[in-house]
Number of protein chains: 2
Amino acid sequence: MSHSVSLCLMAVDREHVLTEAAALLTRRSTTSMDEIARAAGISRATLHRHFAGRDALIRALEEHGIERFARAMDAARLDDGDAAGALRRLVREAEPVAGVLAFLFTENQLFESGTVNAGWARLDARLTALFRRGQEEGDFRVDLSSAWLTEAFYGLLGAGAWAVHEGRVARNDLDHSIAELLLGGIRRSMEK
Amino acid sequence: MSHSVSLCLMAVDREHVLTEAAALLTRRSTTSMDEIARAAGISRATLHRHFAGRDALIRALEEHGIERFARAMDAARLDDGDAAGALRRLVREAEPVAGVLAFLFTENQLFESGTVNAGWARLDARLTALFRRGQEEGDFRVDLSSAWLTEAFYGLLGAGAWAVHEGRVARNDLDHSIAELLLGGIRRSMEK
DNA sequence: AAAGAATGAGACGGTCATGTCTCATTCGGT
DNA sequence: ACCGAATGAGACATGACCGTCTCATTCTTT
């Protein structure tokens, strides 16, 4: 019975292909299947054997990105300690996924088929819950809606990933830059 | 001599076409020339008569967006008063251009022809100068580079425009949401 | 070594958007 | 009313990409 073996190999390939695809598509969202296949070191035929089509590939990438981001949330332990610390941890953990996330966001708009992955709602809910917790604990300001804070989080994460990719921000500074700007804003303040 | 008249009409059409094109392309960056033409109320042939091709249309859109953003900067009087106030004014003035700007950013990546419009550098310079002024006047924190603040500004502006378009943030709150988050951050602070 | 699965290479047809062209029509100025 | 410019409608060729297929080759397993 070679099922388990072949499935295992396919899984490995799948992971690798998705990684390469993400790297290319975040840079240029119109990358062709041929380029993706070549970057992944496989032929276009094999790529089509693993993913029914470009659509399916994007969907798989979406699933993968959602799962990675969910894992980042797990690793950040959003419910532990104060909300600010949790947010800092989340930024650090989510940074590697930022590029894919940004791509999926803009791409989701392209999919006007209406079938949005339910995973997004779960992620949004967890993120919104974090902001709301910070507000309820008196740590975060309440004049900015948690929905907007969620959007802003994604926006800054994407902008940061892009800035690093363009060489305008050092990767080492990224966590600090994003988290500090989000938490403290631009203005200099004496306390806190 | 009917030159002046015809040129005038073409200019009017051009403006209108660019507006419609911007509206469509910000929503879906792969909108076809046909759709753009129909939205602008002209035929595809006429669209091609005004703009040499899709490429030229995007370039014209870029020029238009850059000029609008430059005008927003003028209107915001970046050099007047304290930097925070100037930033607030800029957010307010730049909000209508946010969607186009966001589109042009992601699209510029698609143009890997290397020929980036020099106008971007001028905008970046003015924006960076504002942040630097705030830092030098002791108003803005100095542990975040002005380059990063510039990127973050674009990122938040784009995220805000998107959030409004998706109905997650009220348009009336947008200026306040962006400016306040940028200036003060998420955290609640007693002073300032 | 043999059998079977997976892969690579490439051909093929189909779709879609683009860019160019022509021709009839309409609009505007004189 | 007339004439020229601008437009609309549509045909046409081109090119890119996609999805599918076949066939030879390579590897994996037994």
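A residue counts as buried when its relative accessible area is under 20%. Arg141(A) has a relative accessibility of 12%, so Arg141(A) is buried. This residue opens the report because its salt-bridge partner sits in the other chain, Glu180(B). The model is predicted.

## The interface of chain A and chain B

Chain A puts 48 residues in contact with 48 residues of chain B. The two chains bury about 4,400 Å² between them. Carbon and sulfur atoms account for 61% of that area. The size of an interface is often expressed as the accessible area lost when the parts come together.

Three residues stand out on the side of chain A. Trp148(A), Ile186(A) and Arg187(A) provide 20% of the area that chain A buries against chain B, more than any other three residues.

Polar links also cross this interface. The rule finds 18 residue pairs in polar contact there, both residues being at pLDDT 80 or more. Helices α5 (83-94), α6 (98-110), α8 and α9 (171-184) of chain A each give at least two residues to the side that touches chain B. The most comes from α8(A), with 12 residues. By type, the residues of this side of chain A divide into 21 nonpolar, 11 polar and 16 charged.

## Salt bridges

Over all chains the count is 22 salt bridges. Across the interface of chain A and chain B it is 4. The table gives some of the pairs.

| Pair | Closest N and O atoms |
|---|---|
| Glu180(B) and Arg141(A) | 3.1 Å |
| Arg141(B) and Glu180(A) | 3.1 Å |
| Arg168(B) and Glu151(A) | 2.5 Å |
| Arg133(B) and Glu137(B) | 3.0 Å |

Take the pair of Glu180(B) and Arg141(A), with its closest N and O atoms 3.1 Å apart. Glu180(B) belongs to helix α9 (residues 171-184) of chain B, and Arg141(A) to the loop between α7 (118-136) and α8 (146-165) of chain A, so the salt bridge joins two chains. Is Glu180(B) buried or exposed? Its relative accessible area is 17%, so Glu180(B) is buried. Its partner Arg141(A) is buried too, at 12%.

Arg168(B) and Glu151(A) come next, with 2.5 Å between their closest N and O atoms. Why does this pair join two chains? Arg168(B) lies in the loop between α8 (146-165) and α9 of chain B, while Glu151(A) lies in helix α8 of chain A, so the link runs from one chain to the other. Arg168(B) is partly exposed, with a relative accessibility of 38%. Glu151(A) is buried at 7%.

The pair of Arg133(B) and Glu137(B) has both partners in chain B. Their closest N and O atoms are 3.0 Å apart. Arg133(B) is buried, at 15% relative accessibility. Glu137(B) is partly exposed, at 47%.

Some salt bridges share partners. They join Arg88(A), Glu180(A), Arg141(B) and Asp143(B) into one network. Within this group, the side chains of Arg141(B) and Glu180(A) meet at 3.1 Å, N to O.

## The two domains of chain A

The domain assignment gives chain A a domain 1 (1-51) and a domain 2 (61-184). Their centres, taken over C-alpha atoms, are separated by 27 Å. In the contact, domain 1 of chain A and domain 2 of chain A take part with 8 residues each.

How much area is buried between domain 1 of chain A and domain 2 of chain A? About 710 Å², with 75% of it from carbon and sulfur atoms. Leu18(A), Thr26(A) and Arg27(A) supply 54% of the area that domain 1 of chain A buries against domain 2 of chain A, more than any other three residues.

No salt bridge is found across this domain interface: the count is 0. The rule does find 1 residue pair in polar contact, both residues at pLDDT 80 or more. The side of domain 1 of chain A that touches domain 2 of chain A divides into 4 nonpolar, 2 polar and 2 charged residues.

## A pair in chain B

Asp13(B) is part of helix α1 (residues 3-27) of chain B. With 34% relative accessibility, Asp13(B) is partly exposed. His50(B) is 37 residues away from Asp13(B) along the chain, and 8.9 Å separate their C-alpha atoms.

Key: Residues numbered from 1 in each chain as written. Chains lettered and ligands numbered in written order. Predicted model: local features only at pLDDT ≥ 70, side-chain atom pairs only at ≥ 80, totals over all residues. Heavy atoms only, no water. Domains from an automatic or database assignment. Contact = heavy atoms within 4.5 Å. Buried area = accessible area lost by both parts, 1.4 Å probe. Polar contact = N/O pair within 3.5 Å; in protein donor to acceptor, adjacent residues only side chain to side chain. Nonpolar A, V, L, I, M, F, W, Y, C, P; charged D, E, K, R; others polar. Helix = DSSP H or I, 4+ residues; strand = E, 2+ residues; numbered from the N terminus. Buried < 20%, exposed > 50% of the residue type's maximum accessible area, 1.4 Å probe, protein only.
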